[in-house]
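Here are my notes after going through the model you sent over. I've kept them as numbered points so you can reply to each in turn.

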Amino acid sequence: MKKYVFLLIVITASVFMTSCGSETKKEVKDTTPAIKVTTSKVAVNNNNPFLSVSGTIQATNSADLSTRMMGYVKKVHVNVGDKVRKGQLLVSINNADLQAKKGQVNAGITQAKTAFTNAEKNYNRFKILFESASVTQKEMDDMTANYQMAKAGLEAANQMKNEINAQLAYSNITAPFSGVVTRKNIDNGDMANPGMPLISIETPKEFEVLAMVPETEISQINKGTTVSVLVKALEKTIKGKVIEVSTSAKNTGGQYLVKVNLEKTDAVILSGMFATVQFPVERKVKSELVLIPADAIVKNGQLSGIYTVSQTNTALLRWLRLGRTYGDKVEVLSGLNADESYIVSADGKLFNGAKVSL
């Protein structure tokens, strides 16, 4: 009887396990509709007629104003963004000690003037007496020496006044040219130290680009050449002219500094913006440029990528390393090869693994 019961239990367990196994083998069909996408192939440019290098925009005329004296700031008369005129007072530094020295110098000048006037009168008087042989040669020599010493003392006092005035000029910081205040590094009551930048100003609407050119192409760039400058932040191309070409790369690691003066434009350009300078010269170092539209790039923080279509017709996000910008296209340095396809647009929101249809 026990054998029959045991056999019945084994048969029942086998049937139960078989039924469970059949249930796990059932596949759930994915009914999610596929997202319709449009793809395009990578554009390869083998003969780019321009040498493109990165650069930074800066004001043509700019200055970081500082002082060579130490003292507390009495008042800062301007704020960032204020327009200033040439000679306008920007920062006042406490100069009580210089004012005291100036008073001492003025008193010294008065004393020296009195001594010089008296010595000059005596010299002229003795000169007349010497001509009439009323005084000896030694007496005349002594009076001449006294006169010269008084004259030198007055000159020294006047030079001391010029020195004090020069120091006082550093206690009142004025604008060297008309422009706009771009930075304020100090406030009322702060301690001003020699050489520390206090106020920065620049001339508005006059800009230039500093670009670094590799040594392989610098020989083809000449002063006066007209170039195209793409301002990345504005997506706007502005004409410019080369005004300086450096002949040394001693401190720039094989990169030569080229300065380009931008034409005046209505575009809102600001100092510090990045730009791409395109020189109309043939590149000596040939390379295939993998270019994709900037609109197709997916941004995630500091990462840039693009969606491609996998062999199973799903969206696959691939991260890229990008290079320079050429108009509305961006150079791909790695992550996408020539003749590969990528998704340009989609009818829905793409994500990794999303079903797509062409």
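Contact here means heavy atoms within 4.5 Å. Keep in mind that this is a predicted model.

1. **Thr67 and its surroundings.** I'd start in the loop between S4 and S5, where Thr67 lies. With a relative accessible area of 3%, Thr67 falls under the 20% limit, so this loop residue counts as buried. What is Thr67 in contact with, once its neighbours within four places in sequence are left aside? The list runs to Ile93, Tyr170, Ile173, Ala192, Asn193, Pro194, Gly195, Met196 and Leu198. Closer along the chain, a polar atom of the Thr67 side chain lies 3.2 Å from the backbone nitrogen of Met69.

2. **Strand S7.** Ile93, one of the Thr67 contacts, stands opposite Val73 in the pairing of S5 with S7. Strand S5 covers residues 71-76, and its pairing with S7 is antiparallel over three bridges. S7 is also joined to strand S8 (residues 172-174), again by three bridges and again antiparallel. There, Ser92 has Asn172 as its bridge partner in S8. How enclosed is S7 (residues 89-93)? Four of its five residues are buried, so the rest of the structure largely encloses this strand.

3. **The four-stranded sheet.** Next, have a look at the open sheet made by four strands in the order S4-S11-S9-S6, with antiparallel pairing. Its edges are strand S4 (62-65) and strand S6 (83-84), each of which pairs on one side only. S4 is joined to strand S11 (residues 199-202) by four bridges. Within that pairing, Ser62 stands opposite Glu202, and Ala63 has Ile201 as its bridge partner.

4. **S11 from both sides.** Strand S9 (residues 179-184) is joined to S11 by four bridges, also in the antiparallel sense. Val180 stands opposite Glu202 in this pairing, and Ser62 stands opposite Glu202 as well, in the pairing with S4. Which residues of S11 are buried on each face? Ile199 and Ile201 are buried on one side, Ser200 and Glu202 on the other, and both faces of the strand are covered. If you plan to look at side-chain environments, note that Glu202 is among these buried residues.

5. **The aromatic cluster.** A pair of aromatic rings is described by the distance of the centres and the angle of the planes. The model has two aromatic pairs. In one of them, the ring centres of Tyr123 and Tyr147 are 4.7 Å apart and the planes are at 10°, so this pair is stacked. Why does the pair tie together separate parts of the chain? Tyr123 lies in helix H2 (residues 96-131) and Tyr147 in helix H3 (residues 137-169), so the pair links parts that are 24 residues apart in sequence. Tyr123 counts as buried at 18% relative accessibility, and Tyr147 is buried at 12%. Ring pairs also bring in Phe116, which forms a cluster with Tyr123 and Tyr147.

6. **Two positive phi values.** Most residues other than glycine have a negative phi. Two residues here are worth a look in your own plots. Ala133 has phi near 60° and sits in the loop between H2 and H3. Glu235 has a positive phi of about 50°, in the loop between strand S13 (226-231) and strand S14 (236-245). Are these residues buried or exposed? Ala133 counts as exposed at 66% relative accessibility, and Glu235 counts as exposed at 54%.

7. **The chain as a whole.** Finally, some totals for context. The secondary structure comes to three helices and 23 strands. Of the 358 residues in the protein chain, 32% are buried. Among contacts with a separation of 6 or more, 74% are between residues 24 or more positions apart. The accessible surface comes to about 22,500 Å², with 53% of it belonging to carbon and sulfur atoms.

Methods:
Residues numbered from 1 in each chain as written. Predicted model: local features only at pLDDT ≥ 70, side-chain atom pairs only at ≥ 80, totals over all residues. Heavy atoms only, no water. Pairing = 2+ DSSP bridges. Phe/Tyr/Trp six-rings, centres within 6.5 Å; stacked < 30°, edge-to-face > 60°. Buried < 20%, exposed > 50% of the residue type's maximum accessible area, 1.4 Å probe, protein only. Areas by Shrake-Rupley, 256 points an atom, 1.4 Å probe, with all protein chains shown as cover. Polar contact = N/O pair within 3.5 Å; in protein donor to acceptor, adjacent residues only side chain to side chain.
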